[in-house]
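Open the model in a viewer with residue selection switched on. The stops below can be taken in order.

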Amino acid sequence: MATAKPLLSDLVAGKSHVPSNYIRPTYDRPNLNEVESFDGAIPLIDLQDLNGPNRSYIIEQIGLACRNYGFFQAKNHGISEAAIDNMLRVSREFFHLPESERLQSYSDDPMKTTRLSTSFNVRTEQVSSWRDYLRLHCHPLEKYMQEWPTNPPSFREDVGEYCRNARGLALRLLEAISESLGLEKDYIDKALGKHGQHMAINYYPPCPQPELTYGLPGHADPNVITVLLQDDVPGLQVLQNGKWVAVNPIPYTFIVNIGDQIQVLSNDRYKSVLHRAVVNCDKERISIPTFYCPSPDAVVGPAPQLIDADHPALYSNFAYSEYYQKFWNRGLMAETCLDMFKTSQP
Ligand code: OGA
Ligand code: NI
């Protein structure tokens with residue numbers, strides 16, 4: 001395999017310039033001094049009462065956030081601080097292992113169910129992104145866990161526990177989102193077939209010239225919902241009214257966003273919003289998105305209850321596997337993949 005130094009973290013250690021293949025054209029740079037940053041950029045929702053007498057109020061808050069922002073932050077979500085600390089710690093330990101150890105998981109084939117890679121899709125992209133990542137399928141857990149790294153020694157245990165927790169949270173959120181759309185509580189659950197759950201552990205090394213490149217360029221997530229855990233280093237930005245807005249980390253809080261499949265299922269009532277990750281000069285950053293998704297054979301389309309004369313179906317039905325392949329093959333471009341599945345409207 002001709003993969004000398006395939007990982008960014010090993011390629012750039014100690015460099016004072018960004019290698020030329022990471023430099024974006026001038027019209028496609030982060031313009032970091034134009035990015036807005038303020039508290040409350042996206043709603044913060046307390047999930048404490050989701051299973052109590054105030055359920056309908058919380059569901060209304062979730063619905064408003066999905067409709068107006070495509071994003072919200074969740075606190076009192078039921079996942080312990082210890083489980084979160086363990087997940088972040090073992091992720092950091094993994095990316096600090098010697099290169100030869102990490103490379104045992106390396107693959108640039110996006111269809112592999114466990115793989116370490118770099119940038120986004122090195123097989124198809126023109127410009128690279130400032131990121132290494134470990135991608136893991138995690139549902140059903142027993143099926144995939146045996147493919148995962150065994151170093152650090154507690155990796156499977158810590159990540160497995162985190163995945164179970166993240167799945168529980170995703171399922172509660174999907175029920176709430178179904179209800180917020182006026183659908184049966186289990187509508188989305190049933191629409192996802194056998195369900196899928198993937199996770200990325202994103203590692204963004206410090207970057208000598210963060211104005212020239214991205215950790216991840218603007219994109220919409222192709223899945224159903226994403227539940228993001230991040231460390232305390234800022235980097236995530238969300239597009240709001242044409243402007244990039246920074247989402248600064250709040251410890252032990254998750255960031256939840258609507259993916260393309262909820263936009264389809266809701267027939268555009270909820271929006272899958274563009275977001276990106278930028279890098280900085282001083283600090284490495286770790287972010288851990290859980291991508292909850294349909295199983296590959298699930299057929300996705302707008303919910304019939306959300307289609308009527310005033311709201312014609314905006315998408316044709318498709319198998320999720322078809323969508324997922326298109327996402328990886330076309331690369332991260334600002335226009336979302338959704339356009340390829342739109343019905344032709346009069
Ligand atoms: C992603 C993503 C954001 C981040 O992996 O899809 O949007 O902050 N990550 O790393
Ligand atoms: Ni994303």
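Is C281 buried, partly exposed or exposed? C281 counts as partly exposed, at 46% relative accessibility. Bear in mind throughout that this is a predicted model.

**Stop 1: cysteines.** Keep C281 selected and add C207, which holds the closest cysteine sulfur. The two sulfurs are 7.0 Å apart, too far for a bond. Next select C138 and C163. The sulfur of C163 is the closest cysteine sulfur to that of C138, at 3.7 Å. A disulfide requires sulfur atoms within 2.5 Å, so C138 is too far from C163 for a bond. C138 counts as buried, with 2% relative accessibility. The disulfide count for the model is zero.

**Stop 2: the nickel ion.** Select ligand 2, the nickel ion, together with H219, D221 and H275. Coordination is through NE2 of H219, OD of D221 and NE2 of H275, at 2.1 Å. Along the chain these donors have the spacing H-x1-D-x53-H. D221 lies in the loop between strand 7 (216-219) and strand 8 (225-230), while H275 is in strand 12 (residues 275-277); the pair is 54 residues apart and links distant parts of the chain. D221 is buried, at 3% relative accessible area, and H275 also counts as buried, at 6%.

**Stop 3: a helix pair.** Select helix 2 (residues 55-68) and helix 6 (residues 155-180), whose axes come within 9 Å and cross at roughly 85°. Helix 2 is therefore roughly perpendicular to helix 6. To see the contact, show R55, I59, I62, G63 and C66 from helix 2 against L173, E175, A176, I177, E179 and S180 from helix 6. By class, this contact has six nonpolar, two polar and three charged residues.

Definitions and conventions: Residues are numbered from 1 along each chain as its sequence is written. Chains are lettered from A and ligands numbered from 1 in the order in which they are written. This is a predicted model: local features need pLDDT of at least 70, side-chain atom pairs count only at pLDDT 80 or more; totals for chains, interfaces and linings use all residues. Side-chain values use heavy atoms; hydrogens and water are left out. Axes are lines fitted to C-alpha atoms, for helices over the stretch in contact, and angles run from 0 to 180 degrees between N-to-C directions. Helices (H or I, at least four residues) and strands (E, at least two) are DSSP runs, numbered from the N terminus. Angles under 35 degrees count as roughly parallel, over 145 as roughly antiparallel, 65 to 115 as roughly perpendicular and the rest as oblique. Contact means heavy atoms within 4.5 Å. Ala, Val, Leu, Ile, Met, Phe, Trp, Tyr, Cys and Pro count as nonpolar, Asp, Glu, Lys and Arg as charged, and the others, Gly among them, as polar. Buried means under 20% relative accessible area, exposed over 50%, partly exposed in between (1.4 Å probe, protein chains only). Donors are N, O and S atoms within 2.8 Å of the metal (3.2 Å for Na, K and Ca); water is not among the atoms, so sites may look incomplete.
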